[in-house]
Amino acid sequence: MAPSGDTIAQVHTGLDSSNKTLLKSEALYKYVLDTSVLPHEPDCMRELRLVTDKHQWGFMQSSPDEAQLLRMLLKLTGARNTLEVGVFTGYSLLATALALPDDGKVVAFDVSREYYDIGRPFIESAGVAHKVDFREGPALDGLDALLADEANHGAFDFAFVDADKPNYVRYHEQLLRLVRVGGSIVYDNTLWAGTVALPPETPMNDLDRRFSAAIKDLNVRLSKDERVEVCQLAIADGITICRRLV
């Protein structure tokens with residue numbers, strides 16, 4: 001918390017893939033990474049992650065333990081057709097493509113092909129480019145386009161959302177129609193660097209205040225939503241897993 005009413009600096013400043021965690025002990029997080037995560041990270045993912053760490057917005061990429069969780073969830077659920085809302089350079093997208101069977105598909109939305117093109121060579125070198133259907137443009141429009149075809153209703157097994165936080169609630173309503181009953185929707189950044197638990201009067205910059213408020217609203221809605229079963233995890237910047245019930 002900022003002393004004497006000073007505004008907190010942007011809460012993700014200084015983060016990269018080596019320290020994006022809510023754990024209070026950096027040594028403990030390093031232990032987790034070094035023991036159970038990094039030894040199992042595919043070379044193509046490690047190379048893309050390190051390239052993205054050098055990017056101006058590198059803190060936006062998923063952490064390696066989060067990517068490991070995504071891969072595990074996809075394999076446990078036997079997902080074949082998936083959605084990704086928000087791609088950036090494609091670290092989580094690559095994780096998804098690697099976890100899907102050879103005939104699997106991930107439809108991925110992002111407003112920036114420029115960022116996606118940073119990761120595209122790694123996706124190609126990994127031999128999984130045929131699983132990726134990247135669509136440039138606002139995800140709300142892209143999801144609406146999918147919904148326009150009734151064949152897509154309930155056609156997807158899994159969705160991962162890491163995009164503009166104020167629209168998470170709107171994405172949720174769209175994804176509940178696209179993901180099948182029993183399928184999963186996973187939201188990233190659902191603890192927003194811990195700001196969701198700070199007192200309302202805590203001074204924050206405008207972006208963090210808006211995004212934190214949007215995430216708090218989402219968390220309340222998800223908890224009350226009888227259409228899904230919810231599990232919130234303190235991994236990376238907070239992850240919420242929703243299993244569609246109806």
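**Notebook: hairpin, helices and charged pairs**

I began with strands E6 (residues 228-233) and E7 (residues 239-244), which run antiparallel and are joined by six bridges. For my own reference, strands (E, at least two residues) and helices (H or I, at least four) are DSSP runs numbered from the N terminus, and two strands pair if DSSP finds at least two bridges between them. Residues are numbered from 1 along each chain as its sequence is written. This is a predicted model, where local features need pLDDT of at least 70, side-chain atom pairs count only at pLDDT 80 or more, and totals for chains, interfaces and linings use all residues, while side-chain values use heavy atoms, with hydrogens and water left out.

**The hairpin and positive phi**

I looked up what stands opposite Leu233, and found Ile239 in E7. E6 and E7 form a hairpin with five residues between them. In the turn I noted Ala236, which has a positive phi of about 55°. Most residues other than glycine have a negative phi.

I then went to the loop between strand E5 (179-188) and helix H8 (206-224), where Asn189 is placed. Asn189 is not a glycine, yet has a positive phi of about 65°. Is Asn189 buried or exposed? At 5% relative accessibility, I can log Asn189 as buried; the cut-offs are under 20% relative accessible area for buried, over 50% for exposed and partly exposed in between (1.4 Å probe, protein chains only). Ala193 has its place in the loop between E5 and H8 too, and has a positive phi of about 55° without being a glycine. Ala193 is partly exposed, with a relative accessible area of 30%.

**Helix H4 and Glu84**

How many of the nine residues of helix H4 (residues 91-99) are buried? I read eight, so H4 is largely enclosed by the rest of the structure. Among the buried residues of H4 are Tyr91, Leu93 and Ala99.

Leu93 led me to Glu84, which lies in strand E1 (residues 81-85). A polar atom of the Glu84 side chain lies 3.5 Å from the backbone nitrogen of Leu93. Glu84 is buried yet has no salt bridge (a side-chain nitrogen of Lys or Arg within 4 Å of a carboxyl oxygen of Asp or Glu). Its nearest side chain of opposite charge is Lys165, 11 Å away.

**Salt bridges**

Side chains of opposite charge can pair when their charged atoms come close. I have 13 salt bridges in the count.

In helix H1, Asp34 and Lys30 meet in a salt bridge at 2.6 Å, N to O. These two are four residues apart, so about one helical turn separates Asp34 and Lys30. Lys30 is exposed at 52% relative accessible area, whereas Asp34 is partly exposed at 38%.

Helix H5 (residues 113-125) holds Glu124 and Arg120, also four residues apart, about one turn of the helix. Their closest N and O atoms are 3.0 Å apart in a salt bridge. I have Glu124 as partly exposed at 45% and Arg120 as partly exposed at 22%.

Arg135 and Asp133 meet through their side chains in a salt bridge of 2.7 Å, N to O. Arg135 is partly exposed at 32%, and Asp133 is partly exposed at 24%.

Which residues are linked with Asp225 in a network of salt bridges? I found Glu173 and Arg227.

Key: Lys and Arg count as positive and Asp and Glu as negative; His and the chain ends are not counted. A polar contact is a pair of N or O atoms within 3.5 Å; within protein, one must be able to donate a hydrogen and the other to accept it, and residues adjacent in sequence count only if both atoms are side-chain atoms.
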